[in-house]
Amino acid sequence: MELYTTVTDAITYYTGLSPAAFFTISAMMVLVYKFVSGMFVAADDYMAVKREQQFTLREPVQIGSITEDELRPYDGSDPNKPLLMAIKGKIYDVSRSRMFYGPGGPYALFAGRDASRALALMSFEPSDLTGNIDGLSASELEVLEDWEAKFEEKYVKVGQLVSERTSVVEDETKVD
Ligand code: HEM
């Protein structure tokens with residue numbers, strides 16, 4: 001009991017607050033601290049995320065001419081492969097935007113694909129995940145051109161899609 005009185009006296013002496021007010025304010029400070037710190041990622045988690053990103057983020061490597069089927073495995077499911085995506089047959093390394101195109105990302109469906117038609121139509125339909133842009137209107141083609149310009153500026157072009165890997169001569173006429 002004597003200890004209790006000493007503590008409450010000390011609180012009043014040093015803080016000028018009644019013990020009840022002191023404990024209420026302390027409790028509120030703890031709650032605010034918990035709430036605010038809960039809005040941030042724990043330092044350990046942050047470092048783990050950073051390490052993982054460093055592990056996967058490598059300099060873009062030229063991949064040359066590949067087919068749409070060969071592009072498919074570059075969808076981010078294998079952390080040892082770059083994340084690739086194509087627009088109008090041109091393949092871009094989008095590994096730096098893993099948060100968009102990596103597994104679980106909002107645009108993961110575009111990874112490992114030529115997404116020209118989907119981007120032109122602003123569509124998430126699986127049937128639009130193709131490089132086939134036949135029958136698009138002028139304004140849809142313009143939308144696609146805007147995407148192409150954005151990708152040219154932001155990402156490194158690492159190759160081009162070809163219909164058959166073996167027919168190199170025919171392939172070259174199809175690029176661009
Ligand atoms: C509700 C509609 C949508 C919202 C609110 C939205 C929002 C966003 C935001 C905030 C970004 C990040 C921009 C940046 O930081 O550079 C983004 C990026 C992107 N959006 Fe959307 N978006 C929407 C619909 C779509 C649709 C329909 C498509 C295509 C089918 C699309 C394709 C993309 C792509 C490809 C990127 C990434 C571009 C890059 O690599 O920098 N979005 N979107």
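**Close-up views of a predicted model**

**View 1. Strand E2 is covered on both faces.** On one side of E2 sit Leu84 and Ala86, on the other Met85 and Ile87, and all of them are buried. Keep in mind throughout that this is a predicted model.

**View 2. E2 pairs up with strand E3.** E3 takes in residues 90-93, and E2 and E3 run antiparallel to each other, with four bridges between them. Pick out Met85 and you'll find Tyr92 of E3 standing opposite. Where does the hairpin of E2 and E3 show a positive phi? Look at Lys88, whose phi is near 50 degrees, in this hairpin with two residues between the strands.

**View 3. Here is the largest nonpolar core, 17 residues in all.** The residues with the most contacts inside this core are Met85, Val94, Tyr101, Phe110, Leu119 and Phe151. Strand E2 (84-87), helix H6 (116-121) and helix H7 (138-154) each chip in at least two residues. Which element gives this core its largest share? That would be H6, with three residues. Gathering like this fits a general trend: in soluble globular proteins, nonpolar side chains tend to be buried together.

**View 4. Zoom in on Leu119 and its contacts.** Leaving aside residues up to four places away in sequence, Leu119 touches Met85, Ile87, Phe110, Val143, Leu144 and Trp147. Two of these names, Met85 and Ile87, are familiar from E2, where they are buried on one side of the strand.

**View 5. A second core keeps to itself.** This one is separate from the core above and has eight residues. Among them are Leu71, Tyr74, Val158 and Leu161.

**View 6. Some nonpolar residues sit at the surface.** Val32, Phe35, Val36, Met39 and Phe40 make up a nonpolar surface patch of about 560 Å². Phe40 belongs to the loop that links helix H2 (19-38) and helix H3 (43-56). Is Phe40 buried or exposed? Phe40 counts as exposed because its relative accessibility is 59%, and the cut-off for exposed is over 50%.

**View 7. Step back for the whole chain.** You can count eight helices and four strands, and along the sequence they come in the order α-α-α-β-α-β-β-α-α-α-β-α. Of the 176 residues in the chain, 27% are buried. The chain exposes about 11,800 Å², and 60% of that comes from carbon and sulfur atoms. As for contacts between residues at least 6 apart in sequence, 57% join residues at least 24 apart.

Methods. Residues are numbered from 1 along each chain as its sequence is written. This is a predicted model: local features need pLDDT of at least 70, side-chain atom pairs count only at pLDDT 80 or more; totals for chains, interfaces and linings use all residues. Side-chain values use heavy atoms; hydrogens and water are left out. A nonpolar core is a set of buried Ala, Val, Leu, Ile, Met, Phe, Trp, Tyr and Cys residues joined through side-chain atoms within 4.5 Å. Buried means under 20% relative accessible area, exposed over 50%, partly exposed in between (1.4 Å probe, protein chains only). Contact means heavy atoms within 4.5 Å. Two strands pair if DSSP finds at least two bridges between them. Patches are made of residues with over 30% relative accessible area and no salt bridge: like charges are joined within 9 Å, nonpolar side chains (Val, Leu, Ile, Met, Phe, Trp, Tyr) within 5 Å. Accessible areas come from the Shrake-Rupley method with a 1.4 Å probe; for residues, only the protein chains shown count as cover. A salt bridge is a side-chain nitrogen of Lys or Arg within 4 Å of a carboxyl oxygen of Asp or Glu.
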